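Please open the structure in your viewer and keep the sequence panel beside it. The tour below moves from one selection to the next and says what is found at each stop.

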Amino acid sequence: MNHLPEPVRVVQLPDGRHVYAENAPATYAGPQVVHQHIHQAAPDRTVQRIALGSGVGAGAVAAGVYFGPLLIGALTAIAANIAFLAFLALVLGWGVHTVVKSVGSPEAGAAVKNVRKTRRRR
């Protein structure tokens, strides 16, 4: 059972006017149904169109469209800089460790041996 009312049909008269089918003149040749196509918004603009529909101004939407990718680019650049600085700190730390280890004096070697012996006794 269909409890919905019959859809209202709109027809176009030969002179270009649109009228409801029930109000069409008797001399009318035949129904010319007007199709109304509703298209979905493109995926990248859907949020902006929803925002415009909810009352957000076009300036705010334009700012989101412009500054959104700009913000992503800035955050990516910051993350790349931090990763590079971490790698640089690691390399410099390894270099300092290697130099200190190779330049160490005999007294330093003896101190290391004493510490090792002390740790083994415990």
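What follows is a short walk through confidence, a pocket and a ring pair.

Begin by colouring the chain by pLDDT, since this is a predicted model. The mean pLDDT of the chain is 76, and 62% of its residues reach 70 or more. Select residues 46-53 next: this is helix α1, where confidence is lowest, at a mean of 61, whereas α2 shows the highest confidence, at 88.

Now turn to the largest pocket, and select His97, Val100, Lys101, Gly104, Ser105, Ala108, Gly109 and Val112, which together line it. Two elements give two or more residues to this lining, namely α2 (58-103) and α3 (106-121). The volume of the largest pocket is about 170 Å³. If you colour the lining by residue class, three of its residues come out as nonpolar, four as polar and one as charged.

For the last stop, select Tyr66 and Phe67 and display their side chains. How many aromatic pairs does a search of the whole structure find? The search returns one, and it is formed by Tyr66 and Phe67, whose rings meet edge-to-face, with 4.9 Å from centre to centre and 80° between the planes. Adding a surface lets you compare the setting of the two partners: Tyr66 has a relative accessible area of 54% and is therefore exposed, the cut-off being over 50%, while Phe67, at 48% relative accessibility, counts as partly exposed.

Conventions
Residues numbered from 1 in each chain as written. Heavy atoms only, no water. 1 Å grid on protein atoms, 1.4 Å probe; cavity = no way out; pocket = protein on both sides within 12 Å on 5 of 7 lines; lining within 4 Å. Points joined across faces, edges and corners; volume = space filled by probe spheres on them. Helix = DSSP H or I, 4+ residues; strand = E, 2+ residues; numbered from the N terminus. Nonpolar A, V, L, I, M, F, W, Y, C, P; charged D, E, K, R; others polar. Phe/Tyr/Trp six-rings, centres within 6.5 Å; stacked < 30°, edge-to-face > 60°. Buried < 20%, exposed > 50% of the residue type's maximum accessible area, 1.4 Å probe, protein only. pLDDT = per-residue confidence, 0-100.
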